[in-house]
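Welcome! Here are a few exercises to work through at your own pace, each with a solution in steps.

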Amino acid sequence: MNLTADTSALAPVAERLEADLADLSGYADPDAPGWSREVFSEPYRAARDWVRDRMRDAGLETTVDAAGNVIGRLAGSHGGPPLVTGSHTDTVHGGGRFDGIVGVLGAIEAARRIRETGTRLAHDLLVVDFLGEEANRFGISCMGSRSLSGILTPAHLARTDTTGHTLGQAMRDFGADPERALGLGWDARSMHAFVELHVEQGPLLEQRGVPVGVVTAIAGIERLLATFRGRADHAGTMPMAERHDALVAAAEAVLTIERVGCGAPVHGVTTTGRIESSPGVYNIVPEEARIWAETRSVDHTWLSGVRRTLADELAAQAARRGVETAVEWLNDQDPVLASRSVQDVIAAGADSLGIPWAPVPSGAGHDAAHMAGLGPMGMIFVPSHGGRSHCPEEWTGLGHIVTGTHLLAATLTHLDALPDVAA
Ligand SMILES: [Zn+2]
């Protein structure tokens with residue numbers, strides 16, 4: 001790919017980016033572990049006010065939409081469908097300093113450098129801090145990007161947390177307008193392109209020794225709840241061969257689920273996150289057990305194959321123990337491919353700046369997966385030390401963040417120059 005613009009001058013001001021990272025990550029709940037800034041919390045509200053001020057200082061015109069997305073706009077010379085970039089500022093409980101905010105601050109710095117260098121974009125550039133990306137106490141992730149892509153539903157708003165409050169009420173209390181958020185969806189093809197900068201949250205880039213990843217696809221997620229029904233018996237008297245032990249059947253299923261994950265041809269993983277059994281005492285053979293597991297992959301065919309394989313194997317294994325099974329599947333997210341054209345622009349932009357890169361899949365979900373429904377989508381990853389994320393030890397070096405931010409600014413500039421970005 002031949003790129004015309006020289007983007008070397010768009011390099012971020014490292015000290016300014018470092019100070020922004022320190023300031024924004026400092027908005028954290030002092031009573032929670034790690035760097036906690038959960039959606040709807042006071043630190044989250046304060047952090048978003050700070051982000052809005054920072055956007056204004058950068059010369060962006062700011063708004064907060066009905067879904068609570070904070071949006072900064074840098075007007076282009078032609079208008080038309082905007083270029084969109086951004087990420088999120090909420091964290092998981094006990095999270096780290098970089099997940100999400102790198103993409104918001106990188107986007108603000110990219111817009112600032114575009115403006116400071118007198119680079120005039122034809123398209124409007126929108127920088128978005130999406131509302132609540134992490135799975136929250138209502139069991140929903142990516143609320144802001146779901147709203148923009150038109151897939152936020154009344155059923156989502158009616159979901160309750162453990163205290164009986166609904167998501168709709170929580171949004172209203174936070175100052176958003178949930179009913180209007182349901183109808184906020186942008187039109188299909190309403191973006192020129194979308195690019196999100198994010199920490200990798202896995203170990204691949206560090207292991208390969210490259211500073212930047214060009215994301216090929218965002219993994220789909222299938223979740224399963226399997227229930228095993230056996231028979232309660234006296235644990236002292238019932239011979240081993242005559243038992244119908246539901247917990248042992250569930251334990252065998254956990255190992256089967258792991259084995260299937262280990263056999264994935266491309267990036268694929270399986271995890272059992274929870275197991276329960278009843279009656280749950282020493283002296284009774286378990287009558288019932290349940291497991292909660294998930295499988296993720298960028299490969300649609302493998303994912304649907306796993307559903308069939310696990311349904312068959314779990315039932316057959318349990319049947320050999322005289323244990324009945326019931327398996328419920330919940331599709332959380334289909335795999336989403338990054339636009340080939342956006343990947344090419346990111347890669348060519350990296351080459352022109354002399355930045356080594358590697359193609360990588362995303363095993364984690366992102367707002368970008370939803371924004372892909374509105375136009376060509378791409379993501380830039382920077383390395384996570386030791387692959388750690390969603391924990392206080394999460395770490396990405398400033399040098400990598402500076403490199404990723406420079407590449408984001410370059411990518412936006414190159415995409416702007418294309419009359420049309422193919423999917
Ligand atoms: Zn994130």
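**Exercise 1.** Which residues does Leu415 touch, not counting residues up to four places away in sequence?

*Solution.* Keep in mind that this is a predicted model.
- Step 1: Set aside the residues up to four places away from Leu415 in sequence.
- Step 2: List the contacts of Leu415 that remain: Leu83, His192, Ala193, Val195, Val342, Val345 and Val421.
- Step 3: Place Leu415 in its setting. The largest nonpolar core has 48 residues, and Leu415 is among those with the most contacts inside it, along with Val102, Leu105, Ile108, Leu125, Ile380 and Leu408.
- Step 4: Look for the main contributor. Helix H3 (residues 101–116) supplies the largest share of this core, nine residues.
- Step 5: Look elsewhere too. Another core, of 41 residues, lies apart from that one and includes Phe40, Ala67, Phe174 and Met191.

**Exercise 2.** Find out how H1 and H3 pack, and which residues meet.

*Solution.*
- Step 1: Recall what to look for. Two packed helices are described by the angle between their axes and the distance between the axes.
- Step 2: Apply this here. Helix H1 (residues 14–25) packs with H3 at an angle of about 145 degrees, and their axes are 10 Å apart.
- Step 3: Add the handedness: the crossing of H1 past H3 is right-handed.
- Step 4: Name the partners. From H1 come Arg16, Leu17, Asp20, Leu21, Leu24 and Ser25, which meet Ile101, Val102, Leu105, Gly106, Glu109, Arg112, Arg113 and Glu116 in H3.

**Exercise 3.** Which atoms coordinate the zinc ion?

*Solution.*
- Step 1: Pick out the donors. They are His88 (NE2), Asp99 (OD) and His198 (NE2), at 2.0 to 2.2 Å.
- Step 2: Read their spacing along the chain, which is H-x10-D-x98-H.
- Step 3: Locate two of them. His88 belongs to strand S3 (residues 83–88) and Asp99 to the loop between S3 and H3, so this pair ties together parts 11 residues apart in sequence.
- Step 4: Check their surroundings: both His88 and Asp99 are buried.

**Exercise 4.** Why is Cys142 not in a disulfide?

*Solution.*
- Step 1: Recall the cut-off: a disulfide needs two cysteine sulfur atoms within 2.5 Å.
- Step 2: Compare. The closest cysteine sulfur to that of Cys142 is in Cys391, 20 Å away, which is too far for a bond.
- Step 3: Conclude: the structure holds zero disulfides.
- Step 4: Finish with exposure. Cys142 is buried, with a relative accessible area of 4%, and Cys391 also counts as buried, at 9% relative accessibility.

How values were computed: Residues numbered from 1 in each chain as written. Predicted model: local features only at pLDDT ≥ 70, side-chain atom pairs only at ≥ 80, totals over all residues. Heavy atoms only, no water. Buried < 20%, exposed > 50% of the residue type's maximum accessible area, 1.4 Å probe, protein only. Core = buried A, V, L, I, M, F, W, Y, C linked by side-chain atoms within 4.5 Å. Helix = DSSP H or I, 4+ residues; strand = E, 2+ residues; numbered from the N terminus. Contact = heavy atoms within 4.5 Å. Donors = N, O, S within 2.8 Å, 3.2 Å for Na, K, Ca; no water. Axes fitted to C-alpha atoms, helices over the stretch in contact; angles between N-to-C directions. Left-handed = near helix turned anticlockwise from the far one by under 90°.
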